[in-house]
Amino acid sequence: MNVWLFGYGSLIWRPDIDYIERSVARVHGWARRFWQGSHDHRGLPDKPGRVVTLVAQPGAVCDGMAYLVSQRTAARTFEALDHREKNGYQRHEVRLELPAQRHEPGIVYIAPVDNFAYLGPAPLEDMARQIHESAGPSGSNRDYLLELAAVLRDMDAEDEHVYELEAAVRRLS
């Protein structure tokens, strides 16, 4: 059976997976937050960056991109994603809302609060400074945030957390 994968961070603009179909999508009851440490992509072990995870929040909506992965390539795809998301993320099942009120089951990677790299909430200016100053093998943490904000705007997605953080990081430049 084919499976939908939901991306809400870098998977939106850099999926690096084979897929049959791509569609804007959303999940209800989850909020995107820059509360996960990145020791392996957008930061270093001694100076982690901040990347997004989802946190449960009643009434919240998170817009992203869904990819329909073929049953034929699903095992290989999820093996690669398990490695890419190894810094504290786990697979979770969610209900995706696709265009025209279509609903499908899907898989999303979420970094739970009890994982080793979880940083949690912090004052906006502290998070902005950390993002502004961090970089890792995948590039600067600042670029990650700015790219995410740009693609969310292109999708007409509302995300106050991302846009406030983007403004705070731009003020530091």
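Biologist: Let's start with helix 1 (residues 71-84). What covers the buried residues of helix 1?

Modeller: In this predicted model, the cover includes strand 1 (3-7), strand 3, strand 4 (90-98) and strand 5 (102-110). The buried residues of helix 1 are T73, A74, T77, F78, L81 and R84.

Biologist: What makes the V51 of strand 3 count as buried?

Modeller: The cut-off for buried is under 20% relative accessible area. V51 has 8% relative accessibility, so V51 counts as buried. Beyond four places in sequence, V51 touches R33, F34, W35, Q36, G37, S38, R42, Y89, N141 and Y144. The C-alpha atoms of V51 and H41 are separated by 9.2 Å, with their places 10 residues apart along the chain.

Biologist: Which strand gives the most to the largest nonpolar core, and which core residues touch the most other members?

Modeller: The core has 51 residues, and L5, F6, Y8, F34, F78, L148 and V162 touch the most other members. Strand 3 (residues 49-69) gives the most to this core, with 11 residues. As for V162, leaving aside neighbours within four places in sequence, V162 is in contact with R32, F34, L145, L148, A149 and L152.

Biologist: How do you know that the span of helix 4 is close to the one expected?

Modeller: The expected span is 1.5 Å times one less than the number of residues. For the 13 residues of helix 4 that gives 18 Å, and the helix reaches 19 Å from its first C-alpha to its last, so the two are close. Helix 1 has 14 residues and reaches 20 Å, close to the 20 Å expected.

Biologist: Which residues of helix 4 are buried, and what covers them?

Modeller: H161, V162, Y163, L165, E166, A168 and V169 are buried. Their cover includes strand 2 (21-38), helix 2 and helix 3 (141-154).

Biologist: How do helix 2 and helix 4 pack, in angle and in distance between their axes?

Modeller: Helix 2 (residues 124-133) and helix 4 (residues 160-172) pack at about 65 degrees, with axes 9 Å apart. From helix 2 the contact uses L124, E125, M127, A128, R129, I131 and H132, and from helix 4 H161, E164, L165, A168, V169, R171 and L172. These residues divide into eight nonpolar, two polar and four charged.

Biologist: Is that crossing left-handed or right-handed?

Modeller: Helix 2 passes helix 4 in a right-handed crossing.

Biologist: Why is E158 called exposed?

Modeller: Exposed means over 50% relative accessible area, and E158 has 65% relative accessibility, so E158 counts as exposed. E158 lies in the loop between helix 3 and helix 4. Leaving aside neighbours within four places in sequence, E158 is in contact with D63 and Y163. The C-alpha atoms of E158 and C62 are separated by 8.3 Å, although these residues are 96 residues apart along the chain.

Biologist: What is the phi of D156, and what is that of D16?

Modeller: D156 has a positive phi of about 60 degrees although it is not a glycine. D16 has a phi near 50 degrees, also positive in a residue other than glycine. Most residues other than glycine have a negative phi. D156 is in the loop between helix 3 and helix 4, and D16 is in the loop between strand 1 and strand 2.

Biologist: Are D16 and D156 buried or exposed?

Modeller: Set against the cut-off of over 50%, D16 is exposed because its relative accessible area is 58%. D156 is at 68% relative accessibility, so D156 counts as exposed.

Key. Residues numbered from 1 in each chain as written. Predicted model: local features only at pLDDT ≥ 70, side-chain atom pairs only at ≥ 80, totals over all residues. Heavy atoms only, no water. Core = buried A, V, L, I, M, F, W, Y, C linked by side-chain atoms within 4.5 Å. Buried < 20%, exposed > 50% of the residue type's maximum accessible area, 1.4 Å probe, protein only. Helix = DSSP H or I, 4+ residues; strand = E, 2+ residues; numbered from the N terminus. Contact = heavy atoms within 4.5 Å. Axes fitted to C-alpha atoms, helices over the stretch in contact; angles between N-to-C directions. Left-handed = near helix turned anticlockwise from the far one by under 90°. Nonpolar A, V, L, I, M, F, W, Y, C, P; charged D, E, K, R; others polar.
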